[in-house]
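User: Hello! I am new to this structure and would like to ask about it step by step. Could you walk me through it?

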Amino acid sequence: MSNSNSIDRNQDQELSELSDQQLVARFQAGDKDVLSEFLKRYNSRIYRLAYGILRNPQDAEEVIQEVFLRLFQKLDSFKGESSFSSWLYRVAINTTYMKLREKKGADMLPLEIVGKFLDEQAEKQGSADWMSRPDDELLTEESLKLISDAIEQLPDDFKTVLILRDVDCLSTEEVGQLLGLSPPAVKSRLHRARLFLRKKLEDFYKQFSEGG
Amino acid sequence: MALTCKEVLVYLNDYIDGETAPELKAEMDAHFQQCRLCRQLLQSCRKTISLLRKAHQLNPDKNMVERLAKYLNQHLSGKS
């Protein structure tokens, strides 16, 4: 028993040291054990992306199931023309957008309204004290809900750019390639999404500082 | 000529992401030193990004990972 555990541990360690490309090659050569390593490596990232856009844990779970199912069904034919992670992100984004379309009808602000709102608000400044407080103090149940609601109001591609850039920390170029956007288009969406969220947070925290 | 607040706003994200050319960065640094409002805008944007990131540091719970593995086993069992 302990022998088999130690073999499992050794195998896990060995897999964790392989690159994505090496794992793909092993899968294509018939080694299905590598699937668990892909799950370990990517399930949190794909979940964060899906949840970040859909704002609903159950929907995010359905997306993650479909993404990994598709991944494992298609991995045999993966040719490596793009990096594995780009390919997986693309599958995840498409699957998330499909889910989003099913749910359509949610209150999303049309693009021009977000733009107008930002142009009017970007230069107006409010209370400064919230930004010097520790994150843990600021992240309450209420402010988490506010962040979630604000993101939900953004147009889909703004939301996706914001999550990929600021949560998953992908580069402007990587996000552009995934979404078929030029770097200036990515930057513009990110700029507006950040300012939109900033304004919402500032208004929220200002209430408390004004209220005493 | 010194940058205006409107110009600073245009380049703000590049500055935050460390993507401004050195000369422009130096001009923006000078502007932030003088302009309290732009400095606050910069700090609040950085704070917003930090809060956004922390708010999303979530991992699927263990039960969900187990459900995922079970789902995949069921759907892939027919596949050799």
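User: Happy to start with one residue. Is A:Lys187 buried, partly exposed or exposed?

Analyst: Welcome! Please keep in mind that this is a predicted model. The relative accessible area of A:Lys187 is 31%. Buried would need under 20% and exposed over 50%, so with its 31% A:Lys187 is partly exposed.

User: Which residue does the side chain of A:Lys187 meet in a salt bridge?

Analyst: The N to O distance in this salt bridge is 3.1 Å. The pair crosses between chains, starting from helix α11 of chain A and ending in helix α1 (residues 5–16) of chain B. The partner of A:Lys187 is B:Asp14.

User: And is B:Asp14 buried or exposed?

Analyst: B:Asp14 has a relative accessibility of 17%. The cut-off for buried is under 20%, so at 17% B:Asp14 counts as buried.

User: Which residues are joined into one network by salt bridges that share partners?

Analyst: Both A:Lys187 and B:Asp14 belong to this network. The full list is A:Arg165, A:Asp166, A:Lys187, A:Arg194, B:Asp14, B:Asp17 and B:Glu19.

User: How many salt bridges does the rule find across the interface of chain A and chain B?

Analyst: One of them is the pair A:Lys187 and B:Asp14. Over all chains the count comes to 22 salt bridges. Across the interface of chain A and chain B, the rule finds 8.

User: Which element gives the most residues to the side of chain A that touches chain B?

Analyst: Besides salt bridges, this interface has 14 residue pairs in polar contact, both residues at pLDDT 80 or more. The elements of chain A that give two or more residues to this side are α3, α4 (57–74), α7 (135–138), α8 (141–153), α9 (156–167) and α11 (183–211). The most, 10 residues, comes from α11(A).

User: How do the residues on the side of chain A that touches chain B divide by class?

Analyst: In this interface, 50 residues of chain A are in contact with 37 residues of chain B. On the side of chain A, the classes come to 26 nonpolar, 9 polar and 15 charged residues.

User: What area is buried between chain A and chain B?

Analyst: The size of an interface is often given as the accessible area lost when the parts come together. Here carbon and sulfur atoms give 64% of the buried area. The area buried between chain A and chain B is about 4000 Å².

User: Let us turn to chain A by itself. What area is buried between domain 1 and domain 2 of chain A?

Analyst: The domain assignment of chain A gives domain 1 (1–105) and domain 2 (108–212). In contact are 13 residues of domain 1 of chain A and 16 residues of domain 2 of chain A. Carbon and sulfur atoms give 60% of the area buried between these domains, which is about 1300 Å².

User: Which element gives the largest share of the side of domain 1 of chain A that touches domain 2 of chain A?

Analyst: Across this interface the rule finds 0 salt bridges and 4 residue pairs in polar contact, both residues at pLDDT 80 or more. Two elements of chain A give two or more residues to the side of domain 1, namely α3 (34–54) and α5 (84–103). The largest share, 6 residues, comes from α5(A).

User: Which residue forms a salt bridge with A:Arg41?

Analyst: A:Arg41 lies in helix α3 of chain A and its partner in helix α2 of chain A, 21 residues apart. Both residues are buried. The closest N and O atoms are 2.8 Å apart, and the partner of A:Arg41 is A:Asp20.

User: Is A:Ile64 buried or exposed?

Analyst: A:Ile64 lies in helix α4 of chain A. Leaving out residues up to four places away in sequence, A:Ile64 touches A:Asn43, A:Ile46, A:Tyr47, B:Met64 and B:Leu68. With a relative accessible area of 0%, A:Ile64 is buried.

User: One last residue: is A:Ala29 buried or exposed?

Analyst: A:Ala29 is found in the loop between α2 (20–28) and α3 of chain A. The relative accessible area of A:Ala29 is 68%. Exposed means over 50%, so A:Ala29 at 68% is exposed.

Technical notes. Residues numbered from 1 in each chain as written. Chains lettered and ligands numbered in written order. Predicted model: local features only at pLDDT ≥ 70, side-chain atom pairs only at ≥ 80, totals over all residues. Heavy atoms only, no water. Domains from an automatic or database assignment. Contact = heavy atoms within 4.5 Å. Buried area = accessible area lost by both parts, 1.4 Å probe. Salt bridge = Lys/Arg side-chain N within 4 Å of Asp/Glu carboxyl O. Polar contact = N/O pair within 3.5 Å; in protein donor to acceptor, adjacent residues only side chain to side chain. Helix = DSSP H or I, 4+ residues; strand = E, 2+ residues; numbered from the N terminus. Nonpolar A, V, L, I, M, F, W, Y, C, P; charged D, E, K, R; others polar. Buried < 20%, exposed > 50% of the residue type's maximum accessible area, 1.4 Å probe, protein only.
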